[in-house]
Amino acid sequence: SHSNGNGKPQVIPANGENSATTGSEMLTTRQGHPVYDNQNTRTVGNRGPVTMENYHFLEKMSHFDRERIPERVVHARGAGAHGYFESYGTVGGEPVAKYTRAKVFQNTEKRTPVFVRFSSVIHGGHSPETLRDPRGFAVKMYTEDGNWDLVGNNLKVFFIRDAMKFPDLVHAFKPDPVTNIQDGERIFDFISNTPEALHMITFLFSPWGIPANYRQMQGSGVNTYKWVNAEGEAVLVKYHWEPLQGIRNLTQQQAEEIQGKNFNHATQDLYEAIEKGEFPQWELCVQIMADGEHPELDFDPLDDTKLWPKEQFPFLPVGKMTLDRNPVNYFAEVEQVAFGTGVLVDGLDFSDDKMLQGRTFAYSDTQRYRVGTNYLQLPINAPKRAVASNQRDGQMAYRQDIVEGLNPHVNYEPSTMGGLKEAPRNGREHTPMYQAALVREKISRQNNFQQAGETYRNFEDWERDDLINNLVNTLAPAKKHIQEKMIELFTQCDEDYGRRFAEGLKASESKVIDAGPIGTTDTHKAVEQAESVSR
Ligand code: HEM
C-alpha cells in the first residue's frame, strides 16, 4: 500500500527522520552489499550441505531471530497514532498561567505534536481487543520544554492505592502460572482481600470494562498531580480526556459477537478512521483543588480509588487533541514508544500520591530493560527540541549529545573549559513542607465502599444488569468463601448490589458454568446497544 503511484516503492524511514536509505529498490544487506540471490543459500552442489560463510543468510536469519523485544509486562496489546494538542490558554474563565506556567498551555496559536498509545492491560501483544480490561490511554506531548507524558487509563479510578500491591494485583489478573488460563477465582481471591478495589471492580465488570473502540472512550490521568505557577504556588489537578466522538461501551454479549469475527477491531477502527480523514479528537479537562489535605472531604484527594465529584470540582476544558496520522511502522513507533509518569515539564509537578511515586520508578526501569539503556535516543521517544546532556555510551548508543561550538572533551559539569551549563529558571521553585513520622501505614480516610455504591446507583439499568451478570458468571465457579466475602463487600457498597449478586449466584447453581474468560457465558439476555453517559 505504500507506493508513490509511479510504481517505485516509496522509501519509508523506519521511524521518522533518520533512516539512511538507498533511494532505489535494490535489495542490500545492512552492510550495504547488493543481494544478488535472496532465494538460495550457498551449498556444495544443489542438494547441500550448506557452508558456514553464507554471510547474507546468517545475517538475515540471526536478525530475524532477534525481531522481538520483551513485551510490556502490562499493556502489551496496543495501537498508536500521531497528532497535535492545542491549548485554549484559559481554564475556568481565567488565564491558565494563574495555575501553571507550563509552556504547552500558554500559547493558543501553537500545535504541540503528540503521540498516543491506547492499549488493553492483561493479555499478550496479539490478544483480542474485546476483553474485559481497563484500557490504557497514554499521551506523549513533544513540548518546547521537552516531553510531557500523561500515562492514563479510560477509567478514572484504580484498583489499589499503594504501589507495593501492583505486582500482586497484576499476578492475580494474569493467567494462572500452572494452567496459563485467566481465572476469576484467583482474581476474586485477591480482590476479596482488597476492599479499596471495589469501586474499580464496579466499573470494570459493567460495560465500562469493554469500551466499544479506542475513539469512543475517555481517558484519565487517574493519579493526582500538581500545577505550579510562576510564583511557585501549586494546586492539585486531575486530568481527563473527553472524546468528541461520544462514549460507547459494550455489553459482554456484544463483545463476544465482535470477538467471534474480529479480534483486532479497535486497532482497525482507529487506523481506518485516520486513513479516511475522520480524525478523532479529545478535549482535555482538568479538575482543580487547592493544595492541601482537605479534611472536609470524605475521601483523600490523593486516593486514586476515588472520583472527585464533578458537582464540586467541575471539568474545566483546557485544550483539544487531534489524532491525524497513523504510524508508518508499528514496531518502531507503537512497540518502542516509552511513556512514564516521571516525564513532566516545568510547571507540572507530582503530588504526594504514593501510588504515583511508585509508578514513576517502574516505567523508566522497565523501559531500560524492555527497550534498552538508550531508549530515549529512538526518534519516537526523543524530544523534538535539542538534547544536551552529559550522559554517555551504553548499549546501542546512537549518537552523543555533542553541541556544536562546545568543547567535546568536556562531558561533565561544572567546567570552565566550554561545557554545558545549567538552565535559567522559569519561575520560583515549588517547595512544600513536610513533617511527619516515617511509617508503613494505610491512609486514614479509606471510605472504600461509598463511591462504589454511588457509581452502582448512577449506572443505567442496562449497565447494572450487565454488571450483575458478569460478576455472577465470573464468580459462579469460585470457592464458596470467596463468593460469600464478595456478597458482603458488594452489600457494603449498596444493599441492592449485594442482594442482586447473591440472587444471581443462587440462580446459577443449577446451571453448568464454564470458567472461561472473565464475565463469559451464554446466560446473558440480549441488551440493546446503548450510549454511555460521561462519568
Ligand atoms: C504500562 C507499571 C499503575 C497506565 C505500564 C508498564 C509498567 C507499569 C511497568 C509497562 C511500561 C512499558 O513497558 O513501557 C505500573 C505500576 C503501577 C501502574 C507499578 C502502580 C503502582 C497504572 C495506572 C495507570 C496506568 C494507575 C492509569 C492511570 C498505564 C498505561 C501503560 C502502562 C496506559 C501503557 C503505556 C504504553 O502504552 O506504552 N505500567 N502501572 N498504570 N501503565 Fe502502568
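Helices and strands here are DSSP runs, of at least four residues for a helix and at least two for a strand, numbered from the N terminus. With that in hand, let us walk through this predicted model.

A good place to start is the stretch that the unreviewed UniProt entry annotates as "domain: Catalase core", residues 28-421. Across residues 28-421, helix makes up 21% of the chain and strand 20%. The C-alpha atoms at the two ends of this stretch lie 44 Å apart.

Next, look at how the interior is packed. The largest nonpolar core has 53 residues, and V116, W148 and V318 are the ones that touch the most other members. Take V318 as a way in: beyond residues up to four places away in sequence, V318 touches S87, Y88, V91, V96 and F105, and also L284, C285 and V286. Another core lies apart from this one; it holds 39 residues, including V157, F205, F459 and A478.

Now turn to the ligand. Around the ligand there are 27 residues, of which H75, R117, G136, A163 and V222 come nearest. Two or more residues of this shell come from each of the strands β4 (112-120), β5 (135-143) and β6 (146-153), and from helix α9. Which element gives the most to the shell around the ligand? That is α9, with eight residues. As for the character of the shell, 14 of its residues are nonpolar, nine are polar and four are charged.

Helix α9 is worth a second look, since Y363 sits there. The helix spans residues 354-370, and Y363 is the residue that UniProt, in an unreviewed entry, lists for "binding site". Is Y363 buried, partly exposed or exposed? Y363 has 18 C-beta neighbours inside 10 Å, so this residue counts as partly exposed; to be buried, a residue needs 20 or more. Setting aside neighbours within four places in sequence, the contacts of Y363 are with F339, G340, T341 and G342.

Finally, let us visit helix α4, which covers residues 184-191 and has G184, I187, F188 and I191 as buried residues. How do these buried residues sit around the helix axis? Viewed down the axis of α4, they fall within an arc of 85°, and therefore they line one face of the helix. What do the buried residues of α4 pack against? Their partners are four helices: α3 (166-173), α5 (198-204), α11 (461-475) and α12 (480-493).

Note on methods. Residues are numbered from 1 along each chain as its sequence is written. This is a predicted model: local features need pLDDT of at least 70, side-chain atom pairs count only at pLDDT 80 or more; totals for chains, interfaces and linings use all residues. UniProt positions are given in the numbering used here, feature names are shortened, and annotations may be inferred rather than shown by experiment. A nonpolar core is a set of buried Ala, Val, Leu, Ile, Met, Phe, Trp, Tyr and Cys residues joined through C-beta atoms within 7 Å. A residue is buried if 20 or more other C-beta atoms lie within 10 Å of its own, exposed if 12 or fewer, and partly exposed in between; C-beta atoms are placed from the backbone. Two residues are in contact if their C-beta atoms, placed from the backbone, lie within 7 Å. A residue is near a molecule or strand if its C-beta atom, placed from the backbone, lies within 6 Å of it. Ala, Val, Leu, Ile, Met, Phe, Trp, Tyr, Cys and Pro count as nonpolar, Asp, Glu, Lys and Arg as charged, and the others, Gly among them, as polar. The arc is that of the directions from the helix axis to the C-beta atoms.
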